[in-house]
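Student: I have a structure to read and would like to know how the labels attached to it are justified. Could we go through some of them?

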Amino acid sequence: MKGEVRPLQPANAVLQGLGCPPRRRSRGLSGTANPEPSDASALMPVQPSEMGLCEVPYYKQVKDGNRHPYEEFFARNSKNPELALRDALEWWHEADFDHSFEERTIYEWSPRLRELLARDRILKLTEQEFVDAVSRVHAIRDHAIKQENEHLGLPDRPQAGDDKVEKFGEWLWRQRSREGRTVLELLNYVVWGNGSVSARLWNAIRSDDWAIPHIGLSSLGEIVGWARPDEFPPRNMRTSKGLRALGYNVRIGV
């Protein structure tokens with residue numbers, strides 16, 4: 001696996017460094033400005049991948065129907081990824097679309113995840129708290145929604161996404177590694193264990209001691225970033241593809 005990605009500056013600081021004014025707060029569906037975040041959340045480090053600066057341009061500028069031509073963009077942008085990043089930031093600054101999803105992630109979900117995944121809390125989570133945490137991890141949500149209803153113990157009819165995510169979290173709570181590790185022990189090891197994060201992630205998906213079915217590299221990489229945003233940006237498959245499209249030489253998967 002490639003080395004860990006160093007922390008990035010808060011988005012407004014990056015924009016100001018590019019000569020752009022701080023990003024305007026978006027407007028809600030009512031047309032009124034969204035409320036400002038609390039002091040605590042305003043001071044929280046925000047990585048570009050958290051803001052969707054990798055993911056949103058990827059889906060709006062790179063993805064072409066069912067095609068994911070990120071390698072074509074990599075070939076073009078790898079000569080000057082900083083220029084590609086500048087263009088993406090400027091696009092983000094001027095783009096006119098609903099930012100409510102990103103704002104919920106940053107100002108509501110991220111602080112809650114950091115609280116639940118704290119070093120002195122993570123091993124003490126109740127089942128309800130664990131389900132609450134994983135329901136805020138995008139990679140886990142995506143995976144849960146794709147599960148068959150039968151696997152989740154749900155009736156054979158269309159189900160709301162949130163219902164499937166909740167049932168998946170309850171199912172995941174009961175799972176164990178081949179050596180009997182719980183999912184809380186797995187998360188504590190990945191987030192707070194000894195050694196490099198890269199090595200811990202590898203062990204978490206490959207070793208009998210730690211690996212638990214249906215919680216893979218994207219989910220765990222994202223969880224590390226939400227728990228320790230001062231040190232690591234959340235990384236899942238989508239952000240990796242976005243970084244690759246910007247010209248950064250990152251691997252997609254392992």
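Tutor: Start with the interior of this predicted model. The largest nonpolar core has 38 residues, and F130, L172 and V190 touch the most other members.

Student: Which helices supply at least two residues of this core?

Tutor: They are α7, α8, α9, α11, α12, α13 and α14. Helix α12 gives the most, with eight residues.

Student: What does L172 touch, not counting residues up to four places away in sequence?

Tutor: L172 touches F130, V183, I212, P213 and I215.

Student: Why is helix α14 described as largely enclosed by the rest of the structure?

Tutor: Ten of its eleven residues are buried, so the description follows. Among them are S218, E222 and W226.

Student: Why is D132 called buried?

Tutor: Buried means under 20% relative accessible area. D132 has 19% relative accessibility, so D132 counts as buried.

Student: And why is R112 called partly exposed?

Tutor: The partly exposed class lies between the 20% and 50% limits. R112 has a relative accessible area of 24%, so R112 belongs in that class.

Student: What makes the contact of D132 and R112 a salt bridge?

Tutor: A side-chain nitrogen of Lys or Arg must be within 4 Å of a carboxyl oxygen of Asp or Glu. For D132 and R112 the N to O distance is 2.9 Å, so the pair meets the definition. D132 lies in helix α8 and R112 in helix α7, so the bridge ties together parts that are 20 residues apart in sequence.

Student: Which residues are linked with these two in a network of salt bridges?

Tutor: The network links R112, E115, R121, E129, D132 and R136. Within it, the closest N and O atoms of E115 and R121 are 3.4 Å apart. The structure holds twelve salt bridges.

Student: How do you know that K164 has no salt bridge?

Tutor: The limit for a salt bridge is 4 Å. The nearest side chain of opposite charge to K164, that of E148, is 6.6 Å away, so the pair does not qualify. K164 is nevertheless buried, and is found in helix α11.

Student: How far can the model be trusted?

Tutor: The protein averages a pLDDT of 78, and 74% of the residues score at least 70. Over residues 1–46 the pLDDT is below 50. Where pLDDT is low, the predicted coordinates should not be read in detail.

How values were computed. Residues are numbered from 1 along each chain as its sequence is written. This is a predicted model: local features need pLDDT of at least 70, side-chain atom pairs count only at pLDDT 80 or more; totals for chains, interfaces and linings use all residues. Side-chain values use heavy atoms; hydrogens and water are left out. Buried means under 20% relative accessible area, exposed over 50%, partly exposed in between (1.4 Å probe, protein chains only). Helices (H or I, at least four residues) and strands (E, at least two) are DSSP runs, numbered from the N terminus. pLDDT is the predictor's confidence in each residue, from 0 to 100. Contact means heavy atoms within 4.5 Å. Lys and Arg count as positive and Asp and Glu as negative; His and the chain ends are not counted. A nonpolar core is a set of buried Ala, Val, Leu, Ile, Met, Phe, Trp, Tyr and Cys residues joined through side-chain atoms within 4.5 Å.
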